[in-house]
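Subject: Structure handover

Hello,

Here is the structure for your own work. My notes on it follow below.

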Amino acid sequence: MKKQNGKMRRFVRQSLAGVALLGAAMAAPTAAFAAAAGPVPQAITVGTLYASSGAFAAISMPVYNGLKLWVNDINAHGGVYVKPYDKKLPIKLVSYDDQSSTSTATTLYNQLITQDKVDLLVADSGSVLTSVAVPLAREHQRLLFDQTGTGTHFFSADNKYNVLLDDPVSSIWPHRLAQFLINEGPKHHIRRVAILYSTNDFTGAQAEAMHSYLEAAKGKIDIVYYLGVPTSTTNYQVLIHRIQATHPDAVLELGYPTNDIAFLKALHSTGLKFPVVFSIYAGLETDLLKKNAGNGALKNIFSYVPATGVKYKPSFGMDMEAFTAAYRKLYGADVNVGFNAVAGYNTGLVLEKTLNTTQSMDQLALRDAVFAQSGKLTTLNGSFELTPEGAQQGNLMPIGQLQAKGNDVDLVSVYPADVAQAKAIFGKH
């Protein structure tokens, strides 16, 4: 009987110990999960490139500054919560200057991947400087956090290592512009369209998409001029006169800021007028174009309206007012806050959500965490929505126009009607 009682007591003690262990495990499942993730690093490394000079500096530096603002903000609050380690860790930004050179960028992306072995790989701004990162990331099976590289062919069902964060894939960009011309154009005798574009992944894909949209409406809207020129083009005088010879009602010039500045200055100097003139960066980087092309060259130019002009109500991160104040506090009271500055900060917010929710630091687990935000995340940049291939299909921009405001010009939304702030002004034929 005593032996049986002793066995019973040992059984009870063992059972209670087991229950205690089970309870501890249930009470701290995240800690166990963190232990399984391996040693906790001192910081999460984010690797990226920027262009301080050259053709793409105007779009690259604001993106880089926006990303740095996010890093500073995160670290000022004790770091970012990283789910696999169940703790906050500081962000270490590893960055190199590619000077707008794709060959230099190729070398530096390779360095970030193979030598620095960064945890998160972030592309430089724009499709040209992103184009060399896409195949490298795929080759090394590293997820590329693609900021604003919107080239359509960057995204395919067989490539799981690229995801676009901050603006729609190029083929989607001109959707509302096409709707505007097709639906509103004929009412104002806008039927003949000229398209001049720079031959790169960003603007070339937009031109192709616009061509397809308008061809589908042939008879209602007709393309009378369609030409691609090198992105390095800065002399537009002859091209403008050739366009004028086709008697278009609308001229769409699709280029990077250097192209837009040169085109609009040349158009203004010729004195030629068209009822509709569209330029991408007249709206995206208005202050930059005002400074370099002048208010007169921008008057009544149509463009996209970025998040800075829409002011979305975010579910995560700062709103536009708070971001603008924080950006100017960091970089100067008079600094321009345009689309690209917002894009860089938005990149940081997506990285933050990814680290908050990922099941591990494995590259495809990071991809799953990014995709889990699709349709759920709204930031100051709008709605974050991905296609199955990783292309961005959210953040669609309204069509706006730079209308006179005293001696200045102000970007206002004119289409679609639900976000319109003013009626479009069409020039005389």
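Which residue follows α15, and what is the sign of its phi? The residue is G332, and its phi is positive, near 125°. Please keep in mind that this is a predicted model.

Overall picture

The protein has 17 helices and 16 strands. Its C-alpha atoms fill a box of roughly 110 × 45 × 40 Å along the principal axes. Of the 429 residues, 52% are buried. Among contacts with a separation of 6 or more, 67% join residues 24 or more positions apart.

Helix α15

Helix α15 runs over residues 320-331, which makes 12 residues. At 1.5 Å a residue, these should span 16 Å, and the end C-alpha atoms are indeed 16 Å apart, so the two values agree. The buried residues of α15 are M320, F323, T324 and Y327. These residues lie on the same side of α15, because the arc they cover around the axis is only 100°. That buried set packs against three helices: α3 (57-76), α14 (307-310) and α16 (339-357). On the face turned away from the buried side, α15 carries the exposed residues E321 and K329.

Helices α10 and α12

The second item is a helix pair: α10, residues 257-270, and α12, residues 286-293. Their axes are 10 Å apart and meet at an angle of about 45°. That angle is neither under 35 degrees nor within 65 to 115, and α10 and α12 are therefore oblique to each other. The crossing of α10 past α12 is right-handed. On the α10 side the contact involves P257, D260, I261, L264 and K265. The α12 side supplies L288, L289, N292 and A293.

Residue V305

V305 sits in the loop between β12 (302-304) and α14. Is V305 buried or exposed? Its relative accessibility is 2%, so V305 counts as buried, the cut-off being under 20%. Setting aside neighbours within four places in sequence, V305 is in contact with V310, M397, P398, I399, G400, L411, V412 and S413. As for A282, it is 23 residues from V305 in sequence, and the C-alpha atoms of the two are 9.3 Å apart in space.

Regards

Technical notes
Residues numbered from 1 in each chain as written. Predicted model: local features only at pLDDT ≥ 70, side-chain atom pairs only at ≥ 80, totals over all residues. Heavy atoms only, no water. Helix = DSSP H or I, 4+ residues; strand = E, 2+ residues; numbered from the N terminus. Expected span 1.5 Å × (residues − 1). Buried < 20%, exposed > 50% of the residue type's maximum accessible area, 1.4 Å probe, protein only. Arc of directions from axis to C-beta. Contact = heavy atoms within 4.5 Å. Axes fitted to C-alpha atoms, helices over the stretch in contact; angles between N-to-C directions. Parallel < 35°, antiparallel > 145°, perpendicular 65-115°, else oblique. Left-handed = near helix turned anticlockwise from the far one by under 90°.
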